[in-house]
Amino acid sequence: MDEVMVALKEDRVNIIGVYGMGGVGKTTMVKQVGANAHRDGLFQHVAMAVISQNPDLRKIQAQIADMLNLKLEEESEAGRAARLRERIMRGKSVLIILDDIWRRIDLSEIGIPSTGSDLDACKSKILLTTRLENVCHVMESQAKVPLNILSEQDSWTLFGRKAGRVMDSPDFHNVAQKIVKECGGLPIALVVVARALGDKDLDEWKEAARQLEMSKPTNLDDDGGVFKCIKLSYDYLKGNSTKPCFLICCLFPEDTDISIEDLVKYGLGQGLFQEANTIEEARGRARSVVKYLKACSLLLDSTEEGGVKMHDVVRDMAILLASSEDDNAFMVQSGSALKEWPTKDSYEAYTAISLMSNEIEELPDGLVCPKLQTLLLQNNNDIQEIPDDFFGSFHSLRVLDLNGADIPSLPPSLGLLRSLRTLCLDCCQSITDISILGKLEKLEILSLRESYIEDLPEELAQLANLRMLDFTMSNNIKSIPPKVISSLSRLEEMYMQGSFADWGLLLEGTSSGANAGFDELTCLHRLNILKVDISDAECMPKTVRFDPNWVNFDICISRKLFTRFMNVHLSRVTAARSRALILDVTINTLPDWFNKVATERTEKLYYIECRGLDNILMEYDQGSLNGLKILLVQSCHQIVHLMDAVTYVPNRPLFPSLEELRVHNLDYLKEICIGQLPPGSLGNMKFLQVEQCNELVNGLLPANLLRRLESLEVLDVSGSYLEDIFRTEGLREGEVVVGKLRELKLDNLPELKNIWNGPTQLAIFHNLKILTVIKCKKLRNLFTYSVAQSLRHLEELWIEYCNGLEGVIGMHEGGDVVERIIFQNLKNLSLQNLPVLRSFYEGDARIECPSLEQLHVQGCPTFRNYTPYFHSRNQFQVNNEQHLLLLRKRLWEQRTFLEENL
């Protein structure tokens, strides 16, 4: 690492290459180098991208752009490259890390300046990693740094740290030394083996050492040592589903985020998770397996929620492992930029073929694959036809993924796949007839997300073993024949958000024919997860014979297609285990059975353009919403007082479990609450957001509401004409309010004059950590001196576009001389575009910020000589552009999809 840091400081060096065998720790090292270089001020920006054996140009560009806070909206790769290059040249001082390069790549095609003069001009450098020393040469590295295997001592230290307390026993030392020697100084091998043996007894350690010594893999070159170590860890894996799940992960392209949901679908198709009684239980089992494999260092955390990754070295070894087992062979060429099906002498031995994410255009005739159980061809978007007899010999096939294929029809031979359990046809938008699927009698999982199918065929009723059906965002579906859905007696999960919604209504253009009624869903006794839209509450039956057993649900009742699409977004950001409703009607208009099985059990309730809603307290009483955790009220234009405790006088605590309240676009809202709520009401509410309520002009939180918000942690207010946020009239002396508030965001409040209106001794902001104030042009200062004294835990302060702000802290109310003001924990301070800001404190006190790390002052022409103004024990950075971009990005990414889409 030291050698790389030295090279980065040399003026004559623009490109540094780090090379070494797979698993030696190149990626870990350059990540640490990047962090250190940024921390030490060598570079304002650090951007990193993974290249891999088959570079995906758009993905590489997106990775770099994301770390530079740049959105690439151009369609062409050349246009994206030009935009990225412009950003790098303008950015000044960028360290670009390119990980895992296998051959020469043209940096200009990505958008990276490649000549020495260009890199010098923008004070930037390139740091690359590769397994091959020659790649450093062809990439014109001026400095080449080999990363060798660990020394014996370092190997012992790393192994001991990962193996844990067992290494404290002298009995293990001799055998541990043998094992460490067999790991060959490779960090990945040491970690994998240590994790595998950490909880084993001495006899098992001795047996492991013997296996490592005896193992003699052939034709593996330098990877031989890694192979035997990973095989040892693989052999020690526990659980019937663990090894197959691990091997499924190697079917995905290198450096891909692997969805756990895909593992569930493929695993169930292969017959895994036999101990699970339901798909949801299998999902839980898959999460446990992934957690276990990560603990064994065989899988890695993903950047995507609900995903996982596999190290490229582990993936290579897993492919070898899969083919080394009896009666097992994998053909894996996923993400290899193939344009043709790979030619082999024979395909008869293969049990799994993965050619996903390629550019294959044609599929071969006459393949003989009697053992094939898994075929993954998704993301080959140029496949336009499947030969009629393509699946003719695939008698053992259990999992088939054709997502994204541009095929107009399904071949006749598909109907011969009598062993098929999982079929994925997402985004196959040219297919209009799926009647052949009725022949797949053993099919359990069928996914047709984003299809263009208009009519569901009656043949689907023959899928008696179907457990999961997914038509999400298939919004062309106009008809579902009666008795098709009700015939799927084993169905456990149904997903139809953004899809069909006209349950029981007359077919378009007819006077007698009708769609399947909603009662066909209520009679499915095994259905436990339901995500569906309903165009009108009248579509639901008034009574049902048996109450449905919907353990989890996302149900949208709305006339508006846009609102129904919102349900799709909900499902993307909430777990399958959620219970959520979107309503455009009030609870008293819904059938009693529905209120019993859904409304009373919902945890997330969203009123959007709701007819007849004028008092949310009445809804609470009607729906028995005792377990409600999240509530959104948006565009409900009859509401003047959200909570009216005057016309409806409650006699028990209201919303005791509510954790989040979001109030959006209520054009006539004058107050959030009038009257007195019973003690215990809103007692668990941690998050309050109020957006675009233009008639809301008086104080947002008066005393009657402040008393109840004892757990409030985050307050986000924007787009109204409020004059005050907190109004304390009516509070008793010594009464503590907002004591747990840790984040306050105020944005676009043009009439705001005071954040706190009332006696300053009542303002207790001891736990406030983040304060953001933007576009509040009438604020003269944020707080008085007395209120500011309570900001003892403030860590981040961001103020922007407050045109009237003269000082952050006002003068001491008592007129006493203040010698110093201390913000003990303030780390990040950003003052942006404040044209009349003269000082931080309107008096002459010394401002002490002993923890300050980052200071940003821009667009403040009357606030000068600010660098020595803030006294810190740290050597804080001033106007670090990358840090500012990260802060700004986080500021806006804190909003959930609701803020982005509603």
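**Exercise 1. Is Tyr801 buried, partly exposed or exposed, at 38% relative accessibility?**

Before solving, a word on the model: it is predicted, so local features need pLDDT of at least 70 and side-chain atom pairs count only at pLDDT 80 or more, while totals for chains, interfaces and linings use all residues. Residues are numbered from 1 along each chain as its sequence is written, and side-chain values use heavy atoms, with hydrogens and water left out.

Step 1: get the cut-offs. Buried means under 20% relative accessible area, exposed means over 50%, and partly exposed is in between (1.4 Å probe, protein chains only).

Step 2: apply them. Tyr801 has 38% relative accessibility, so it counts as partly exposed.

Step 3: place the residue. Tyr801 sits in the loop between strand E31 (796-800) and strand E32 (807-809). Helices (H or I, at least four residues) and strands (E, at least two) are DSSP runs, numbered from the N terminus.

Step 4: check the backbone. The phi of Tyr801 is near 55°, a positive value in a residue other than glycine.

**Exercise 2. Describe Asn379 in the same manner.**

Step 1: look at phi. Asn379 isn't a glycine, yet it has a positive phi of about 65°.

Step 2: find the loop. Asn379 is between strand E11 (374-376) and strand E12 (399-401).

Step 3: judge the exposure. With 40% relative accessibility, Asn379 counts as partly exposed.

**Exercise 3. Work out the surroundings of two serines, Ser141 and Ser558.**

Step 1: start with Ser141. You'll find Ser141 in the loop between helix H7 (133-138) and strand E5 (143-146). Its relative accessibility is 15%, so Ser141 counts as buried.

Step 2: list its contacts (heavy atoms within 4.5 Å). Leaving aside neighbours within four places in sequence, Ser141 is in contact with Ile15, Ile16, Gly17, Leu128 and Cys136.

Step 3: move to Ser558. This serine, Ser558, lies in the loop between strand E18 (552-557) and helix H18 (561-573). Ser558 is buried, because its relative accessible area is 2%.

Step 4: list the partners. Not counting residues up to four places away in sequence, Ser558 touches Ile534, Ser535, Thr563, Arg564 and Asp584.

**Exercise 4. Which strands stand at the edges of the sheet E2-E3-E4-E1-E5?**

Step 1: read the order. This is an open sheet of five strands with parallel pairing, in the order E2-E3-E4-E1-E5.

Step 2: pick the ends. Strand E2 (45-50) and E5 are at the edges with a single partner strand each, so one side of each has no neighbour in the sheet. From one strand to the next, the twist averages 15°.

Step 3: zoom in on one pair. Two strands pair if DSSP finds at least two bridges between them. E2 and strand E3 (residues 94-101) run parallel and are joined by six bridges. In this pair, His45 stands opposite Val94 in E3.

**Exercise 5. Check the length of helix H2, then see what it lies across.**

Step 1: calculate the expected span, which is 1.5 Å times one less than the number of residues. For the 14 residues of H2 (residues 26-39) that gives 20 Å, and the end C-alpha atoms are 20 Å apart, so the two agree.

Step 2: find the buried side chains' owners. The buried residues of H2 are Lys26, Met29, Val30, Val33, Gly34, Asn36, Ala37 and His38.

Step 3: look across the sheet. H2 lies across strand E1 (15-19), E2, E3 and strand E4 (125-130), and runs at about 165° to E2. For that angle, axes are lines fitted to C-alpha atoms, for helices over the stretch in contact, and angles run from 0 to 180 degrees between N-to-C directions.

Step 4: look just past the end. Right after H2, Gly41 takes a positive phi of about 80°.

**Exercise 6. How many of the five residues of strand E26 are buried?**

Step 1: count. Five of the five residues of E26 (residues 714-718) are buried, so this strand is largely enclosed by the rest of the structure.

Step 2: sort the directions. In a regular strand the side chains alternate between the two faces of the sheet. Here Val714, Asp716 and Ser718 point one way from E26, while Leu715 and Val717 point the other way.

Step 3: find the partners. Strand E25 (residues 687-691) pairs with E26 in the parallel sense over five bridges, and Val690 stands opposite Val717. E26 also pairs with strand E28 (residues 743-747), parallel over five bridges, with Val714 opposite Glu743.
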